[in-house]
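Trainee: Could we take a close look at one part of this model, a single strand and whatever surrounds it? I'd like to start with a pairing.

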Amino acid sequence: VREANQGYLNPAPDGIDAEYAWGFTGGDGAGQRFIDMERGWTFGHEDLTSHGATMLHGVLLDSSRAHGTSVLGEVCAVDNTVGCVGIVPNLASVRTVSYNGSTRPDAIIAAVAALGFGDVLLLEAQVTVDGASLLGPIEAFDLEFDAIRLATALGIIVVEAGGNGTNNGSAPPLAMDTFVDPMGRNLFNPASADFRDSGAIVVTAATSSAPHTRMVWAPHGARVDTYAWGENVNTTSSNSTGSTTMYTSIFSGTSSASPIVTGAVLAIQ
């Protein structure tokens, strides 16, 4: 019903042409395993329930149900007669790990234990990289970096949200090539002795309309690998009481961009 408004499914330059991938064996996600790391979801949503998704780690945070449900909808909403269609609606396995009641590194390790070579892990989180208000990718922190590096070393494909700038959606963005962390390290510039690359695919956000200009608050620099829609994303939603019939047309941020890239990765896999 809502697929006509999911422009990110369309051919370039508007979207990633998910419909084209559906014409190939496995291009709809068949046979692929996926874990989303964040804090809340409504697994019983009418457009997700047939996946039988489960949470493997942590504590579900009711106030985060809308966010996680929107992410799952982009990736894998089932192709039925209601709601949306995910980029890869026929995944073999959909699971989650929550860092609520736990930590981000522990949640990643729990996901690593449940995934194998070629499986896909999405990291839907951001951290304050400057000790104040500038939000960037979680691999800016040492323990998170080590956990992600373990995942990628084992052949798990990790997609990582790049973060949403100052005050979560306002300029200035994280200028990764020149950023220096509170310990004086330039972690994201390949020309720096401090540079490190976890192997994760770091995603930034752009406008929904071609030519997809970078959002003013979105991170940029050599460590950013790709981008997708950071506004106007039509997908499933929920609320703190676990509504199973809600949708949104305004999901945004690197939160909405990263699931689009994740869906593309799963289709390619």
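Trainee: Which residue in β9 stands opposite V159?

Mentor: It's I201 in β9 that stands opposite V159. Before going on: this is a predicted model, in which local features need pLDDT of at least 70 and side-chain atom pairs count only at pLDDT 80 or more, while totals for chains, interfaces and linings use all residues. Residues are numbered from 1 along each chain as its sequence is written, and side-chain values use heavy atoms, with hydrogens and water left out.

Now to the strand. β9 covers residues 201–206 (strands are DSSP E runs of at least two residues, helices H or I runs of at least four, numbered from the N terminus). Pairing (at least two DSSP bridges between two strands) ties β9 to β7, residues 157–161, through 3 bridges, and the two run parallel. β9 also pairs with β10, again in the parallel sense, this time over 4 bridges. There, A205 stands opposite A228 in β10.

β9 is mostly covered, with 5 of its 6 residues buried (under 20% relative accessible area, using a 1.4 Å probe on protein chains only). β9 and β10 each supply at least two residues of the largest nonpolar core, as do α1 (18–21), α2 (65–76), β4 (120–123) and α5 (a core is a set of buried Ala, Val, Leu, Ile, Met, Phe, Trp, Tyr and Cys residues joined through side-chain atoms within 4.5 Å). That core has 34 residues, and F34 and L91 touch the most other members. The largest share, 6 residues, comes from α5. Leaving aside residues up to four places away in sequence, the contacts of F34 (heavy atoms within 4.5 Å) include L72 and V75, L91, V120 and L122, plus T262 and L266. Apart from this core lies another one, of 31 residues, with A147, L174, F179 and L187 among them.

Back to A228, which leads us to the second largest pocket, about 190 Å³ in volume. (On a 1 Å grid, a pocket is an open set of points that fit a 1.4 Å probe, with protein on both sides within 12 Å along at least five of seven lines; lining residues have an atom within 4 Å of a point.) Of its 14 lining residues, the closest to the centre are A228, Y227, G15, I16 and I260. β10 (226–229) and α5 (254–268) each supply at least two lining residues, and β10 gives the most, with 4. So, to sum up, β10 pairs with β9, contributes to the largest core and helps line this pocket.

Definitions and conventions
Grid points are joined across faces, edges and corners, and a volume is the space filled by probe spheres set on the points. Buried means under 20% relative accessible area, exposed over 50%, partly exposed in between (1.4 Å probe, protein chains only).
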